[in-house]
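New to this one? Take a moment with the picture below, then read on for a quick tour.

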Amino acid sequence: AVSLATNTGGTINFTGGTLDIDTTSGTGFSATGGGTVSVQGTGNTIDATSGAGLNINGTTIGAGGVTFQRISSGAGANNGISLVSSGAGPFTITGLDGADAGTDPDLGSGGIINGKTGADGSATAGTGVFLSNANNVALNGMSINNHQNYGIRGNEVDGFRLTFSLVGGVNGTNVSSPFSDGSVSFIGTSTTGYGLRGAAAFLDNEITGGK
């Protein structure tokens, strides 16, 4: 796994592609506490058995972006993907077109995130994809299923794209305010005033299983 912490003033770039990260209970890619990071090229992948796939918190995504072909994360008490105060982005999961006749990313080729558990209202556990003060996020070809809180949860997100993906199973256990668990939820707060704004696109997705 890759762990970057407290790199204020530093810039760390992963270039060339084919970054292959495999972990069991650890976080596949973690960048926290300052600095700037980018992951470029094609064929970058993360496979986490029970740990979080990716966590970028308080670290700026550089102009080159953070791009992965696939991020998968299995059942565990964490989030599959977390972007918190990550700057302008962009953050992209591309997916991959297989051997079929089409050119669109195949379902699951962008990763499978399944079975996250966590307390109601948790920002660190129980959600497939957690976004807070994150921008220019694109998820393609993903399968996001069966999470105790949310499939996708966004707050203060500026620019979001979800394509050729499934958010399904059963997501959420508490629909009462202020939690309002569900499959895809962008809800602002009294501080930010918005959940999602800017350019947003939802294309060829199946979204089911809200509590």
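What follows goes from the whole chain down to a single strand and its neighbours.

First, keep in mind that this is a predicted model. The protein chain has 19 strands and zero helices. Its C-alpha trace spans about 45 × 45 × 35 Å along the principal axes. The radius of gyration is 16 Å, which agrees with a compact globule, because a globule of 211 residues would come out near 17 Å.

Inside the chain, 49% of the 211 residues are buried. Take the contacts with a separation of 6 or more: 73% of them are between residues 24 or more positions apart. On the outside, the chain exposes about 8500 Å², and carbon and sulfur atoms supply 50% of that. As for charges, there are 6 positive and 13 negative ones, and their mean positions lie 9 Å apart.

Now zoom in on strand β14, residues 142-145. In a regular strand, side chains alternate between the two faces of the sheet. Is β14 covered or open on its faces? Both faces are covered: Met142 and Ile144 are buried on one side, and Ser143 and Asn145 are buried on the other.

Strand β14 also has paired strands, listed here:

| Strand paired with β14 | Bridges | Direction |
|---|---|---|
| β12 (residues 111-114) | four | parallel |
| β16 (residues 166-168) | three | parallel |

You can find these pairings residue by residue. Gly111 has Met142 of β14 as its bridge partner, while Ser143 stands opposite Leu166 in β16. Met142 and Ser143 are also among the buried residues of β14.

How values were computed. Residues are numbered from 1 along each chain as its sequence is written. This is a predicted model: local features need pLDDT of at least 70, side-chain atom pairs count only at pLDDT 80 or more; totals for chains, interfaces and linings use all residues. Side-chain values use heavy atoms; hydrogens and water are left out. Buried means under 20% relative accessible area, exposed over 50%, partly exposed in between (1.4 Å probe, protein chains only). Helices (H or I, at least four residues) and strands (E, at least two) are DSSP runs, numbered from the N terminus. Two strands pair if DSSP finds at least two bridges between them. The radius of gyration is taken over C-alpha atoms; the globule rule is 2.2 Å times the number of residues to the power 0.38. Contact means heavy atoms within 4.5 Å. Accessible areas come from the Shrake-Rupley method with a 1.4 Å probe; for residues, only the protein chains shown count as cover. Lys and Arg count as positive and Asp and Glu as negative; His and the chain ends are not counted. The place of a charge is taken as NZ of Lys, CZ of Arg, CG of Asp or CD of Glu.
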